[in-house]
Structures are given as structure tokens and as C-alpha cells.
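Dear colleague,

Please find the structure below, handed over for your review. A short account of the findings follows it.

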Amino acid sequence: KELEELGEEAYDDYNRQRRDWHANLGPIKTPQLAALHEDLWDTADSNAQDGDKAKGAVAIDAFPGLGKTTSVLDFAKKSPRREIKERGTETSAGHERWPVCRVGLTGNTGMVQFNRAMLAFFAHPGMSRGNAAHFAHRALDCVLTCETKLLIVDDLHFLRWRNTVGVEISNHFKYIANEFPVTLVFVGVGLAARGLFSEGDSYEDAVIAQTGRRTTKLDMRPFVIDTDE
């Protein structure tokens, strides 16, 4: 009855909002999402050590279409809310508190592009000029100033690990783990098959394996209908 009483413009606006609402439902707290979040909280909460100690990372490696990125972004929403609730919206020095940073990789991402993407997330004015080292120092300054605790690297499978760029990025991840007070969360498809966790015999394999040894592998279980749950 209330819908019938709406004017044409109001009725069209109602339907537009209804379409937007139904297109953006969720995320739904499935058993898979709940299990992944529990592991992510365990890792993030245990990485409270000082910056001179390397912190453990997490790699979420699963088939596409299971909700890896959706689950991680939901965690990336809950984590800063807790941080801001406990510590406030500003740091003790009066800067904005940004507990989470997210970077998405592409097929040709190198160190310069990766560091610039971090600066773009923080809306840093110095993202247009400089080299990889300059961008890295500015990114570190952003992380320390905004007291960022979580760094999400999405679509890691786009990176070709066994070429020069892959080794450079792997070394850069090690630098971040050592110097940045953040928990690294990698998200990708087929990371193990691409060599993230392999030991290998070559120098390149050994460098990449060092990143893998510091990384806890998690997955997303498929949705099946062979059990009551």
C-alpha cells in the first residue's frame, strides 16, 4: 500500500536503491569465512613484536571464485575498526590512523610500481617523482606515521616469480617484513604451484623460498553439499 502511494519519481528511486541493496549483500559469514578470519586474527595478534624482528606473513592460496578477496577485505574492515576503537582515530602525534593498506598487483608490477601503489593508497603527494628507494622510504614513513598494522597484497599470482622482477619483489617483501611493523597478507591463486613455497636449487629459488618459509599458507575450502553442515 505504501509503495502504491509513492509518486513515479519516488517509486523509481526506491527501486534503484533496492537494486543497489540486493547487488551488494554480504559478505555472508560462511564456515569458510569464519575459519579464515580466525586464522588471520591469530597471526595478526601474534605479530606485536618490535620492528627489528621479522613478522610472520599469511598467504591465502585457493581456487578462484571462493571468496578469498571478499573475505580478506571483510577482515580488513573489522581489523581497523577494532584498532580505532581501542586507540582512537588519530595517533599520539596527531596524524590520521590508517591501520590497513591494500595493494593490488598486475602482470608487470615491479618495485617502483609496488611502492608507488602503496603511496597512492595513502594519497601521498610524492608518488609521481622518484625511484624505487625514494618511494620505499616514503611508504615506510606513511606506515610509521599512520601506524599501519596490516598490508594486503592482492592478486599475487599476477607476479612472475622466477624472473628478475619476481626476485626483486620477493626481496622487497623480505625488506617490508623486517623493517615495516606490519603483517603481510598475500592473496592469490596457485601460489604454491608458482614456487612461493618451493626450496629449489638455484639462487632465485632460494630467495623466493625465504619468503615462503616465513609465510603461513591458508586456503578457502570449496562450497560442497556432501555434509549436513
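How far is the sulfur of Cys146 from the closest cysteine sulfur, and why is there no bond? The distance is 5.9 Å, to the sulfur of Cys142, which is too far for a bond. Cys146 is also buried, at 12% relative accessibility (buried means under 20% relative accessible area, exposed over 50%, partly exposed in between, with a 1.4 Å probe and protein chains only).

This is a predicted model, in which local features need pLDDT of at least 70 and side-chain atom pairs count only at pLDDT 80 or more, while totals for chains, interfaces and linings use all residues. Residues are numbered from 1 along each chain as its sequence is written, and side-chain values use heavy atoms, with hydrogens and water left out.

The protein has a mean pLDDT (the predictor's confidence in each residue, from 0 to 100) of 84, with 85% of its residues at 70 or more. Confidence is highest in helix H1 (residues 8–23), at a mean of 95, and lowest in helix H7 (residues 203–213), at 60. Helices (H or I, at least four residues) and strands (E, at least two) are DSSP runs, numbered from the N terminus. Where pLDDT is low, the predicted coordinates should not be read in detail.

The structure holds zero disulfides (pairs of cysteine sulfur atoms within 2.5 Å). The sulfur of Cys101 lies 8.6 Å from that of Cys142, its closest cysteine sulfur, again too far for a bond. Cys101 is buried, at 1% relative accessibility.

In helix H3 (residues 68–87), the buried residues include Val72, Phe75 and Ala76. Gly88, which follows H3, has a positive phi, near 95°.

Yours faithfully
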